[in-house]
Amino acid sequence: MRNFKSIEEKWQRIWSEEKVYHAHEPSNKKKFYCLDMFPYPSGSGLHVGHPRGYIASDVLSRFKRMQGYNVLHPMGFDAFGLPAEQYAIETGQHPAITTNNNINRFKEQLSKIGLSFDPNREFQTCDPEYYRWTQWIFIQLFNSWYDNKQKKTRAIVELISILEEKGNAGLDSAQTQDTEIISALQWKQFSDVEKSDFLMNYRLAYRAESTVNWCAALGTVLANDEVINGRSERGGHPVTKKKMKQWMLRITAFADRLENNLKNLNWPESLKDMQRNWIGKSSGTEILFSTSCDDLKIAIYTTHPETIYGVTFLVIAPEHPLAKILATDRRKYDVENYINSIESRSDRERISDKNNVTGVFTGNYALHPLTNEKLPIWIADYVLPEYGTGAIMGVPAADERDFSFSEQFNLPLIHIFAETESSKTLINSDILNGLNLVEAKGAICNILEEKGLSINKVKYRMRDAIFGRQRYWGEPIPIYYNEKGIPLPVNIEDLPIKLPNISDYRPTEDGQPPLARVETWSYKGYPLETTTMPGWAGSSWYFLRYTDPKNKNNFADSVNTSYWNSVDCYIGGAEHATGHLLYSRFWNQFLYDINYIDFEEPFKKVVCQGMILGQSAIIYREVNTNTIISSDMVKDDNLQPLHINIDFVDSDNSVDINKLKSWRNDYRNIKVITNDQGKLLCERVIEKMSKSKYNVVIPDDIIDQYGADCFRLHEMFLGPIEQSAPWSVQAIEGSSKFLNKVFRLFYNEKNQLIVSNEKPSEEVIKITHQTIKKVSELTESMNFNTAIANLMTCVNKFTKLNVHDHRSLSILLQLLHPYAPFLTEELWEKLGNNKFILDQDYPQFNEDFIHEEEVSYAVSINGKFRTQIILPADITQEEAEKTVLSNDVILKWLKDKELKKIIFVPNKIINLVLN
């Protein structure tokens with residue numbers, strides 16, 4: 001039996017001392033850059049679900065290195081963020097201390113698993129030597145604008161030259177909506193403050209007033225996906241809408257490129273679709289509606305202008321600048337109350353809650369641009385301020401949400417469609433009668449354009465990214481405010497602007513960030529920006545720093561970034577499929593535009609690993625009582641399901657009542673109703689592994705019991721890497737037995753080495769080369785579970801044939817090494833090798849030994865398997881058909897049936913199609 005503990009301790013030490021995992025500097029050697037998504041180190045450390053992606057990247061990295069690649073496989077830590085700060089507020093410990101402790105815990109766990117991360121390239125986002133370059137990138141963004149005509153970033157000084165020469169008329173650029181058109185003379189007459197404010201309409205990093213999700217308890221702005229039912233996801237605190245001056249990044253300038261480039265990326269289509277939906281590109285028409293209120297006009301955006309004759313009302317978002325202005329005196333009170341009532345609802349809730357349609361009438365009307373009919377103007381929360389213009393035309397006959405709204409408030413519906421089996425046409429208009437939708441759209445657009453009431457526009461659902469956070473534990477924004485209050489970037493040579501050490505991390509009483517308390521928080525006597533960067537700032541470019549992490553003169557030398565280039569394989573969770581990947585691509589494209597890197601996209605291939613699911617235990621408590629009922633005794637719905645610690649449950653689903661009562665104070669005095677056998681049974685549920693569900697399994701415990709190699713094999717053998725899989729301690733026994741079988745090919749029961757120098761038989765050589773071919777191809781394509789299955793088959797065959805020869809076993813170790821590095825390195829050394837197995841060339845198969853004389857064919861009838869037959873490997877289709885049609889099993893199925901055709905797939909299947 002292998003002594004895995006001593007083996008693992010030995011090779012952890014040796015690999016570290018010999019610096020085995022250090023990537024080589026740029027050279028003529030072909031490169032492979034394999035990266036895991038940046039982990040945020042929490043205090044609880046890793047559970048068995050976390051390392052799945054890390055092990056997958058490690059298998060691939062070891063495999064590529066043995067194939068002769070210069071492999072970059074780094075690991076660092078996304079160390080800034082709200083969780084560490086909240087913990088600091090609650091405990092009084094500085095976030096730097098808790099973050100460092102968490103990182104050490106993570107590193108200890110990762111080391112035990114035998115992951116081949118290059119320790120020489122490790123960094124943390126909270127290290128000033130790292131975030132000085134995050135600050136540097138922010139300054140470059142501040143000093144840049146986007147030229148739509150050239151489709152690239154340009155320096156802000158070039159924009160200033162254009163404004164000085166001819167103003168901004170005709171300038172095709174990414175800019176704030178409704179930016180004023182000015183002449184060169186007007187620009188020159190602007191004061192310094194006016195010029196600064198005007199340039200904010202163009203800068204890629206800019207400051208503007210924005211409606212945000214404000215959580216007073218956490219003292220910070222939250223993203224939409226951090227708000228659930230009007231409360232913060234973290235802590236469940238109330239969240240309200242608030243207008244604030246915020247630093248923003250103009251990611252919308254890159255929206256078109258971010259979408260168009262997706263088609264060239266080796267990403268899962270589902271992931272690409274998520275990005276496309278987030279970007280939300282649409283081509284439509286902006287139409288002006290006059291109102292009965294002081295010549296005010298409402299611009300609406302629609303992708304279906306052909307439905308304009310079905311408009312019966314207009315709806316504007318509660319945040320629309322005209323929302324309160326349009327309210328008549330009689331309706332003002334109701335409008336203000338309504339607007340206040342929806343402040344706590346997140347955008348996600350507002351668009352997804354189809355059963356809770358709310359709104360209020362302003363008392364004012366708009367005029368239909370083609371019929372001059374009066375259309376009531378309503379305010380409703382299903383219209384969002386960020387999409388389109390924050391106003392829509394209500395067409396109940398063509399839109400589900402508009403229909404629900406019209407039903408709720410008894411608004412009219414005009415039928416505008418005539419449908420046949422083959423087409424859909426427009427009715428109720430002399431202009432559109434009988435036209436199909438495409439023809440109608442063109443006709444309406446022409447009419448509105450001639451009247452000067454519309455313009456064709458491309459819109460995006462994606463909004464500019466809020467970049468400031470009212471908190472402490474984040475990168476300081478390198479901006480100071482001069483005596484006129486103009487925001488200016490600090491000098492590059494003065495970076496980094498370091499985060500000061502403070503004792504009170506809470507926001508100030510008026511909602512200002514904690515840095516507002518620091519009297520010395522200034523730059524050359526001027527006040528510094530007090531908001532800090534969001535958690536995603538440092539993770540938006542970290543993949544570039546790995547290529548040259550010690551560089552003090554730049555974020556990375558161009559020689560290094562050019563050599564390592566885009567990440568060849570990026571592995572991580574699907575939860576980062578939108579935000580993180582979009583921000584990273586945006587920053588990468590920006591740095592490409594300003595000539596600091598020579599590749600536009602950061603990640604060539606992305607793989608999203610599936611979750612490892614845990615087994616949860618659920619018991620039932622009577623509502624409003626402290627009585628727990630055995631799950632097999634449950635008879636009504638008046639019960640509350642409760643998660644309990646899975647460790648309290650036996651194999652027969654019975655709960656240890658004594659452990660349950662001593663677990664927590666609220667269980668100490670419970671009354672338990674058991675079943676007829678005197679047992680309290682629970683229900684088991686397979687779901688996401690989580691501390692809140694008490695179903696977490698810690699990898700340390702598994703490694704202590706079975707070893708790291710066994711843990712790695714089990715994680716990779718659970719199923720396809722992209723699919724979720726339930727964790728099973730019982731199933732890990734199979735991986736353990738497999739490794740013991742491998743060990744027994746080298747050692748007898750007395751632990752004596754039994755490897756010989758005898759020549760392998762032709763049968764063994766054939767098995768070996770078949771295994772090389774299958775395992776190498778499956779590892780390359782990241783089908784790790786089937787690669788392991790083939791290794792298991794090989795070991796079973798070797799065991800049956802008593803294979804103990806040096807040559808065959810050496811190849812087996814090389815194939816197995818990426819999956820089980822500790823045992824294979826130990827046995828490799830025992831074979832007399834003085835070089836690491838990782839530095840050996842990966843075995844190559846010989847085609848001469850792959851050829852099969854006979855092949856097993858699956859024979860199906862109308863796609864259903866019926867029998868298996870053995871045929872010569874070189875058989876022709878005609879000969880195969882004759883053999884199949886004379887088979888007794890097939891003849892029974894052919895009785896009284898007409899054979900339509902035979903589908904023959906060489907070396908695989910034969911399918912008979914019957915009428």
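Which helix lies across β5 and β9 (240–249), running at about 90° to β9? That's α5, and View 1 is where to look for it. A quick note before the views: this is a predicted model, where local features need pLDDT of at least 70 and side-chain atom pairs count only at pLDDT 80 or more, while totals for chains, interfaces and linings use all residues. Residues are numbered from 1 along each chain as its sequence is written, and side-chain values use heavy atoms, with hydrogens and water left out.

**View 1. An open antiparallel sheet with α5 across it.** The strand order is β6-β5-β9-β19, four strands with antiparallel pairing. At the edges sit β6 and β19 (465–466), each with a single partner strand, so one side of each has no neighbour in the sheet. Helices (H or I, at least four residues) and strands (E, at least two) are DSSP runs, numbered from the N terminus, and two strands pair if DSSP finds at least two bridges between them. Strand β5 (residues 205–215) and β6 run antiparallel, joined by three bridges, and Trp-214 stands opposite Val-221 in β6. As for the angle between α5 and β9, axes are lines fitted to C-alpha atoms (for helices, over the stretch in contact), with angles running from 0 to 180 degrees between N-to-C directions.

**View 2. Helix α3 and what covers it.** Leu-82, Ala-84, Glu-85, Gln-86 and Ala-88 of α3 (residues 82–91) are buried. Buried means under 20% relative accessible area, exposed over 50%, and partly exposed in between, using a 1.4 Å probe and protein chains only. The cover over these buried residues includes α4 (95–112) and β6 (220–222). After α3 comes Gly-92, with a positive phi near 85°.

**View 3. The largest nonpolar core.** It has 171 residues, and Leu-249 and Phe-467 touch the most other members. Helix α5 (residues 128–142) gives the most to this core, nine residues. A separate core of 33 residues lies apart from it and includes Ile-287, Tyr-309, Val-311 and Ala-440. "Nonpolar core" here is a set of buried Ala, Val, Leu, Ile, Met, Phe, Trp, Tyr and Cys residues joined through side-chain atoms within 4.5 Å. Zooming in on Phe-467, and leaving aside neighbours within four places in sequence, its contacts include Phe-138, Trp-247, Leu-249, Met-533 and Trp-587. Contact means heavy atoms within 4.5 Å.

**View 4. Val-311 in its loop.** Val-311 is found between β11 (297–302) and β12 (313–316). At 3% relative accessibility, Val-311 counts as buried. Residues up to four places away in sequence aside, Val-311 touches His-368, Leu-375, Met-393, Gly-394, Val-395 and Ile-414. From Val-311 to Asn-28 is 283 residues in sequence and 66 Å in space, C-alpha to C-alpha.

**View 5. Ser-454 in β18.** Ser-454 lies in β18 (residues 454–460) and is buried, at 13% relative accessible area. Its side chain reaches the backbone nitrogen of Glu-449 at 3.4 Å. A polar contact is a pair of N or O atoms within 3.5 Å; within protein, one must be able to donate a hydrogen and the other to accept it, and residues adjacent in sequence count only if both atoms are side-chain atoms. Neighbours within four places in sequence aside, Ser-454 is in contact with residues including Thr-285, Ile-287 and Cys-445. Cys-445 is also buried, with a relative accessible area of 10%.

**View 6. β1 and a cysteine pair without a bond.** Six of the six residues of β1 (residues 31–36) are buried. Lys-31, Tyr-33 and Leu-35 point one way, while Phe-32, Cys-34 and Asp-36 point the other way. Strand β2 (residues 70–72) pairs with β1 in the parallel sense over three bridges, and Val-71 in β2 is the bridge partner of Phe-32. Why is there no bond from Cys-569 to Cys-34? The sulfur of Cys-569 has its closest cysteine sulfur in Cys-34, 5.0 Å away, which is too far for a bond. A disulfide is a pair of cysteine sulfur atoms within 2.5 Å, and a search of the whole structure finds zero of them. Cys-569 counts as buried, at 1% relative accessibility.

**View 7. A mixed sheet with α26 across it.** Here the order is β33-β32-β35-β34, four strands in an open sheet with mixed pairing. The edge strands, β33 (864–872) and β34 (899–905), each pair on one side only. From one strand to the next, the twist averages 20°. Strand β32 (residues 854–861) runs antiparallel to β33, with eight bridges joining them, and Ala-858 stands opposite Gln-868 in β33. Helix α26 (residues 877–885) lies across β32, β33, β34 and β35 (909–914), at about 125° to β34.
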